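Subject: Structure for you to look at

Hi,

Here is the structure I promised to pass on. Have it open while you read, and turn it around as you go.

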Amino acid sequence: MYDFILGVVIVLSFVIIATIMMQPSKQNSAASAFTGGADQLFGKQKARGFEAVMQRSTAILGAIWIILLFVLAYLSSK
């Protein structure tokens, strides 16, 4: 059981990396480096379409990854 969950965690790690890399960039120009991203903080819009799917999938995969790591820690302590 431990080896199976460990394999799932390793595969899930690569899937999370891929989903993070597929997310669209948030920076629009070089000016955002000087403003510190304040324009995005106050002018924030809700994500739609592909961006929303990628944000949700990253959050869900991250939560599953953390839960599986806690299960692995519990199994290794036995």
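Below is what I found in it, starting with the whole chain and then going down to single residues.

First, keep in mind that this is a predicted model. The chain comes to 4 helices and 0 strands, so if you follow the elements from the N terminus, they simply run α-α-α-α. Buried residues make up 17% of the 78 residues in the chain. Now look at the contacts with a separation of 6 or more: 92% of them are between residues 24 or more positions apart.

**The two helices to find**

Start with H1 and H4. They pack at an angle of about 155°, and their axes are 9 Å apart. Why call H1 roughly antiparallel to H4? Because an angle over 145 degrees counts as roughly antiparallel. The crossing of H1 past H4 is left-handed. Sorted by class, the contact of H1 with H4 has 20 nonpolar residues, 6 polar ones and no charged ones.

**The core**

Which residues form the largest nonpolar core? There are 7 of them: Ile5, Val9, Leu12, Ile16, Leu61, Leu68 and Leu72. Helix H1 (2–22) and helix H4 (50–77) each supply at least two residues of this core, and H1 gives the most, with 4 residues.

Ile5 is a good core residue to click on. Leaving out residues up to four places away in sequence, Ile5 touches Leu68, Val71, Leu72 and Leu75. Two of those names, Leu68 and Leu72, are in the core list as well.

**A threonine on each helix**

Next, try Thr19, which lies in H1. Is Thr19 buried or exposed? Its relative accessible area is 10%, and buried means under 20%, so Thr19 is buried. Not counting neighbours within four places in sequence, Thr19 is in contact with Met54, Ser57, Thr58 and Leu61.

Pick Thr58 from that list and you are in helix H4. Thr58 has 16% relative accessibility, which is again under 20%, so Thr58 counts as buried too. Seen from this side, with residues up to four places away in sequence left out, Thr58 touches Thr19, Ile20 and Gln23.

**Two partly exposed residues**

Trp65 is found in helix H4. With a relative accessible area of 30%, Trp65 falls between the 20% and 50% limits, so Trp65 is partly exposed. What does Trp65 touch, not counting residues up to four places away in sequence? The answer is Val9, Leu12, Ser13 and Ile16. Of these, Val9, Leu12 and Ile16 belong to the nonpolar core. You can also check a distance here: Trp65 and Val8 are 57 residues apart along the chain, yet their C-alpha atoms are separated by 8.8 Å.

Val15 is in helix H1. Its relative accessible area is 36%, between the same two limits of 20% and 50%, so Val15 is partly exposed as well. Val15 and Gly62 are 47 residues apart in sequence, while C-alpha to C-alpha they are 10.0 Å apart in space.

If you want a route through the model, begin with the crossing of H1 and H4, then colour the 7 core residues, and finish with the contacts of Trp65.

Have fun with it!

How values were computed
Residues numbered from 1 in each chain as written. Predicted model: local features only at pLDDT ≥ 70, side-chain atom pairs only at ≥ 80, totals over all residues. Heavy atoms only, no water. Core = buried A, V, L, I, M, F, W, Y, C linked by side-chain atoms within 4.5 Å. Buried < 20%, exposed > 50% of the residue type's maximum accessible area, 1.4 Å probe, protein only. Contact = heavy atoms within 4.5 Å. Axes fitted to C-alpha atoms, helices over the stretch in contact; angles between N-to-C directions. Parallel < 35°, antiparallel > 145°, perpendicular 65-115°, else oblique. Left-handed = near helix turned anticlockwise from the far one by under 90°. Nonpolar A, V, L, I, M, F, W, Y, C, P; charged D, E, K, R; others polar.
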